[in-house]
Amino acid sequence: MKSRNAIFLLVILLFVTLFSSGQPTNTRKACVACEQLKKLQLPDVSITSIISLQRDTISYPETWRPPAVLKSPFCRLKGIISKEIVFELLLPKNWNGRLLMSGNGGFGGSIQNDLLYYVNEGYAVTATNTGHQAPGMETDASWALNNMERELNFGKLAVHRTAVVSKSIVNALYCSYPAYSYFIGCSRGGGQGLMEAQLYPEDFNGIVAGAPAYNWMAFGAKFIQGCQVNYPDPNNPKPVITNNNLKLLQELVNQQCDELDGLKDKILNDPGKCKFDFNTLPICPNGQQTPDCFTNEQVAAIKTIYGPLIVEGKEVYPALPFGLEAEATGWDLWITGTSPFMENAPSLTYQFGTSLFKYMVYNNPDWDYSKYDFKNFFKETKYASAFLDATQTDYSGFKNQKGKMIIYHGWNDPCFSAYSTIDHYEQALKKDQELPSYMKLFLLPGILHCGGGPGPGEIDWIKQIRDWVEKGKAPDSILVSRIENGKTTMTRPVYAYPKKAVYKGSGDPNSEKSFKAEK
């Protein structure tokens with residue numbers, strides 16, 4: 001009898017070792033067949049399709065994302081939570097015990113999974129359409145018109161519910177919940193990350209939030225202000241600022257500020273030190289536009305776009321850092337609407353700003369941005385703010401769950417000002433002086449919105465957050481790279497805010513060895 005009991009205990013210990021949700025094993029296989037998940041019954045969840053694949057190339061035709069080649073066997077599951085929260089979960093044959101969730105861009109409306117490749121490394125990977133379907137229309141919010149359920153799903157529920165459901169499905173397939181769960185996103189995805197940490201701190205052990213869209217009413221209002229000066233005629237949205245303006249503007253900014261960091265490389269290592277003198281902008285004689293001057297209207301528009309938005313004596317949104325005005329996919333795409341990638345279309349901030357106010361603030365498709373005077377702004381944006389804004393600065397719940405978060409932001413982001421993210425971090429730091437022990441901010445010089453620009457911005461964020469969560473290896477500094485045609489052409493260190501990387505005064509400017517930390 002004693003020997004039987006001993007054997008029974010050994011079996012139990014073996015089961016716990018294999019299927020516990022503690023430290024993940026290198027490979028963990030399914031305990032049921034993938035197709036068996038069709039019988040799975042979860043509250044308010046419908047499994048719409050399941051397919052086992054040895055390998056596949058996954059693409060999302062409704063988005064700009066490139067196809068992903070998955071070389072390892074996996075199970076592809078699609079489902080719907082409630083009425084419209086569509087999600088997709090990819091489950092590898094050899095699971096590493098971890099769940100990754102990808103954030104969305106813009107107004108969502110489709111599966112936008114940027115982490116597909118990680119299925120090859122054994123991660124279970126999930127993503128959602130955020131609770132509505134709008135293929136290829138990430139800048140259009142007409143789906144939200146008078147639809148509170150969709151607004152709430154998009155604002156604060158879809159990611160959370162998808163995370164909870166995905167974990168349950170993972171458990172059903174592998175007989176184990178994820179040992180670690182991670183969320184990675186930029187722009188809207190960055191804002192989703194902040195929302196998760198603020199409202200649902202138990203969902204993820206680690207979060208990477210890039211260029212976070214967290215204060216929608218503030219940046220939306222700033223977008224509208226920019227529209228008013230750059231597109232003054234709503235019936236003929238022709239931009240005031242030209243690409244010639246941007247080229248000349250960047251040249252003048254570089255003349256005054258590029259070498260403040262000791263290097264002449266078009267990268268402003270600390271744009272906050274740039275005190276650009278607008279009086280140096282050459283004015284066109286008789287208002288006749290030429291490539292080497294600005295009209296008074298153009299100067300006024302540029303000043304407004306750079307400056308903070310003040311409403312009723314209160315700063316609603318901070319200034320925009322100087323630098324990289326003429327860089328492709330910079331101002332041309334986001335602010336002036338002069339990018340060859342979007343010919344005959346107004347800027348992205350125009351599209352996002354007007355759609356936000358039409359369909360989420362005023363519920364009026366005929367709302368006219370050109371006549372908006374910001375009167376009653378604070379009162380009239382309260383409703384939309386309630387489901388969109390992730391502006392809480394108390395992260396104690398996330399801290400108590402031992403969560404870790406990395407926030408990063410390109411210094412020259414033309415969409416969201418890096419100063420806004422800095423302000424959020426500093427406000428959170430005032431609430432908790434221990435904030436850097438579980439949340440760190442990295443500002444990337446020479447980087448635009450979620451990437452692009454002449455600076456180095458390539459890094460494996462998942463490795464950074466995983467090492468912090470699982471090994472206690474805090475990323476006090478990171479090494480970012482610039483990769484061109486498959487070759488690394490530049491590496492530089494970036495230190496956790498408020499420290500900065502400064503040039504030592506000698507050495508190869510493309511090597512991280514030529515830089516040091518400075519407070």
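This is a short talk on confidence, one helix, the enclosed spaces and a few single residues in one chain.

Let's start with how far to trust it. The model is predicted. Its average pLDDT is 93, and 94% of the residues score at least 70. Now the weak part. Over residues 1–23, pLDDT stays under 50. For that stretch the model has 15 contacts beyond four places in sequence. Where pLDDT is low, predicted coordinates should not be read in detail. So I will leave that stretch there.

Next, helix H3. The helix runs over residues 188–199. Does its length add up? Let me put that as a proper question: how far apart are the end C-alpha atoms of H3? They are 16 Å apart. The 12 residues, at 1.5 Å a residue, should span 16 Å, so the two values agree.

How many residues of H3 are buried? The count is 11 of 12, so the helix is mostly covered, buried being under 20% relative accessible area. The buried set opens with Arg188, Gly189, Gly190 and Gly191. It also includes Gln192, Gly193, Leu194 and Met195. Glu196, Ala197 and Gln198 are buried too. Keep Met195 and Glu196 in mind for the next part.

Now the cavities. The structure holds two of 30 Å³ or more. Take the second largest, because H3 helps to line it. Its volume is about 60 Å³. There are 13 lining residues. Nearest the centre of this cavity are Gly155, Lys156, Val159, Met195 and Glu196. Helix H2, residues 148–174, and H3 are the elements that give two or more residues to this lining. H2 has the largest share, with eight residues. By class, this lining has six nonpolar, four polar and three charged residues.

The largest cavity holds about 150 Å³ of space. Its lining has 14 residues. Lys222, Phe223, Ile305, Ile335 and Thr349 lie nearest its centre. Which helix gives the most to this lining? Helix H4, residues 216–230, with four residues. The classes here are nine nonpolar, four polar and one charged.

H4 comes up again, this time at an open site. The second largest pocket has about 460 Å³ of space. It is lined by 21 residues. Those nearest the pocket centre are Asn215, Ala218, Lys314, Val316 and Thr391. Several elements give two or more residues to this lining: H4, strand E11 (314–317), and helices H9 (377–380), H10 (382–388) and H12 (418–431). Its residues divide into eight nonpolar, eight polar and five charged.

On to single residues. Leu248 sits in helix H5, residues 243–257. Is it buried or exposed? Leu248 is buried, because its relative accessible area is 12% and the cut-off is under 20%. Leave aside the neighbours within four places in sequence. Leu248 is then in contact with Pro282, Pro291, Asp292, Cys293 and Phe294. Glu325 is 77 residues away along the chain, yet the C-alpha atoms of Leu248 and Glu325 are separated by 9.2 Å.

Lys499 is another case. Lys499 is in the loop between strand E15 (487–495) and strand E16 (500–503). At a relative accessible area of 40%, Lys499 is partly exposed. Beyond four places in sequence, Lys499 is in contact with Glu518 and Lys519. Ile50 lies 449 residues away along the chain, and the C-alpha atoms of Lys499 and Ile50 are 48 Å apart.

Last, some backbone points. Most residues other than glycine have a negative phi, and most peptide bonds are trans. Here are three exceptions to look at.

The peptide bond from Tyr497 to Pro498 is cis, with omega near 15°. Pro498 is in the loop between E15 and E16.

Asp44 has a positive phi of about 65°, although it is not a glycine. Asp44 lies in the loop between helix H1 (2–19) and strand E1 (45–53). Its relative accessibility is 44%, so Asp44 counts as partly exposed.

Asn485 is not a glycine, but has a positive phi of about 50°. Asn485 lies in the loop between strand E14 (477–484) and E15. What does Asn485 count as, buried or exposed? It counts as exposed, because its relative accessibility is 82% and the cut-off is over 50%.

Note on methods
Residues numbered from 1 in each chain as written. Predicted model: local features only at pLDDT ≥ 70, side-chain atom pairs only at ≥ 80, totals over all residues. Heavy atoms only, no water. Expected span 1.5 Å × (residues − 1). Buried < 20%, exposed > 50% of the residue type's maximum accessible area, 1.4 Å probe, protein only. 1 Å grid on protein atoms, 1.4 Å probe; cavity = no way out; pocket = protein on both sides within 12 Å on 5 of 7 lines; lining within 4 Å. Points joined across faces, edges and corners; volume = space filled by probe spheres on them. Nonpolar A, V, L, I, M, F, W, Y, C, P; charged D, E, K, R; others polar. pLDDT = per-residue confidence, 0-100. Contact = heavy atoms within 4.5 Å.
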